[in-house]
Every structure is written in C-alpha cells, then in structure tokens.
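Dear colleague,

I am handing over the structure below, which you have not worked with before. Please look through it first, and then read on for what was found in it.

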Amino acid sequence: MSNLATDDYLLLRQKEIVMKKTLIALVGVAAVALPLGAAQAASTASEAALQSLNNTHAQIVREAERVCAGINSGSTVSNVGGGCTLGDVERQIRSTDNPELLAFHQQLPPRFRYSSDRSYSEVQRYFR
C-alpha cells in the first residue's frame with residue numbers, strides 16, 4: 001500500500017472512531033434523560049392513577065412469580081424473586097408500551113419492584 005492510501009485509511013478509521021464515540025454519548029444521554037422524564041410523570045400521577053399502576057404492576061409481578069415457581073417445581077431451589085422473576089417482569093413491563101407503567105416500575109426500589117409481597121401504602125411513599 002502506498003503512503004497516500006495508508007494515510008487515507010487512517011483518516012477514515014479516525015473519523016469512524018469519533019462517530020462511534022459520538023453515537024455512544026448520544027445514546028447515553030437519551031438513556032438517562034428519557035426515564036427521568038417518565039419518572040417525573042409517574043410521581044405527579046393522581047391517587048387513582050397511582051393505585052391503578054400499582055395494581056397492574058403487582059399483577060405482572062405475581063404472574064412472573066407463578067411462572068418462575070412452575071419452572072422450578074420439583075426443585076429444591078426457588079427462583080421466585082430471583083433472576084427468573086426479574087427477567088420476566090422486565091420483559092413484561094417493556095412489552096406493555098405504557099410509559100406511565102414503565103416510569104412507575106423504574107421509580108420503585110428493587111425490593112418492591114420484583115416482589116408482589118407489598119402493600120399500597122409501602123409503594124405510595126415513593127411517589128410523593
């Protein structure tokens with residue numbers, strides 16, 4: 001390869017690296033900014049809307065717990081509340097196309113996010 005061809009290749013490679021870094025930075029900013037806006041929307045929901053979101057979310061978690069308990073039936077190791085439940089809840093929440101439910105889910109601390117063993121009053125304090 002001639003020096004000119006090598007220089008052109010290196011220049012293109014540098015531009016490619018800069019473009020990749022820029023894209024990664026933009027995706028990072030969007031990943032942080034979009035959920036924050038959704039979380040703010042969830043915290044300003046009415047009491048009735050908040051209770052409805054909690055009921056829907058708890059139903060999704062209970063369903064995931066049942067599925068995971070069925071997968072582990074006959075096993076001495078229970079995966080309820082573990083990786084199986086976590087993965088199934090995340091998949092279900094993201095497949096609903098409901099931004100308010102996603103915001104509600106993201107604002108919950110993990111101990112309530114993946115457990116149906118919670119009261120509404122325990123959840124309510126995270127949305128005031």
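Which residues form a disulfide, and how far apart are their sulfur atoms? Before the answer, please keep in mind that this is a predicted model, and that every value below was computed from it.

The disulfide is formed by Cys68 and Cys84, with 2.0 Å between their sulfur atoms, and the count of disulfides comes to one. This pair links distant parts of the chain, since Cys68 belongs to helix H2 and Cys84 to helix H3, with their positions 16 residues apart in the numbering. The link of Cys68 and Cys84 is left-handed, with -90° about the S-S bond. As for its surroundings, Cys68 has a relative accessible area of 0% and is therefore buried, the cut-off being under 20%.

To place that link in the whole, the secondary structure of the protein chain comes to six helices and zero strands, so that reading along the sequence gives the pattern α-α-α-α-α-α. Of the 128 residues in the protein chain, 27% are buried. Among the contacts in the protein chain with a separation of 6 or more, 60% are between residues 24 or more positions apart. The protein chain exposes about 8500 Å², and carbon and sulfur atoms supply 60% of that area.

Helix H3, which carries one end of the disulfide, deserves a closer reading. Helix H3 covers residues 83–95, 13 residues in number, and from its first C-alpha to its last it reaches 18 Å, close to the 18 Å expected at 1.5 Å a residue. Its buried residues are Thr85, Asp88, Val89, Glu90 and Ile93, and what covers them includes helix H2 (47–71), helix H4 (99–107) and helix H5 (110–113). In general, an α-helix has 3.6 residues a turn, so residues three or four places apart point the same way.

After H3 comes Asp97, which lies in the loop between H3 and H4. Asp97 is not a glycine, and yet its phi is positive, at about 55°. Is Asp97 buried or exposed? Its relative accessible area is 72%, and because exposed means over 50%, Asp97 counts as exposed.

One of the buried residues of H3, Val89, leads into the interior of the model. The largest nonpolar core has 15 residues, and those with the most contacts inside it are Val89, Phe104, Leu108 and Phe127. H2, H3, H4 and helix H6 (120–124) each supply at least two residues of this core, while the largest share, five residues, comes from H2.

Two of those core residues meet again in the aromatic pairs, of which the structure holds two. Phe104 and Phe127 form a stacked aromatic pair, with 4.8 Å centre to centre and 5° between the planes. This pair, too, links distant parts of the chain, for Phe104 is in helix H4 and Phe127 is in the segment after H6, 23 residues apart. Both Phe104 and Phe127 are buried.

If you open the model with these points beside you, the disulfide of Cys68 and Cys84 and the stacked pair of Phe104 and Phe127 may serve as places to start.

With best regards

How values were computed:
Residues numbered from 1 in each chain as written. Predicted model: local features only at pLDDT ≥ 70, side-chain atom pairs only at ≥ 80, totals over all residues. Heavy atoms only, no water. Helix = DSSP H or I, 4+ residues; strand = E, 2+ residues; numbered from the N terminus. Expected span 1.5 Å × (residues − 1). Buried < 20%, exposed > 50% of the residue type's maximum accessible area, 1.4 Å probe, protein only. Contact = heavy atoms within 4.5 Å. Core = buried A, V, L, I, M, F, W, Y, C linked by side-chain atoms within 4.5 Å. Disulfide = S-S within 2.5 Å. Phe/Tyr/Trp six-rings, centres within 6.5 Å; stacked < 30°, edge-to-face > 60°. Areas by Shrake-Rupley, 256 points an atom, 1.4 Å probe, with all protein chains shown as cover.
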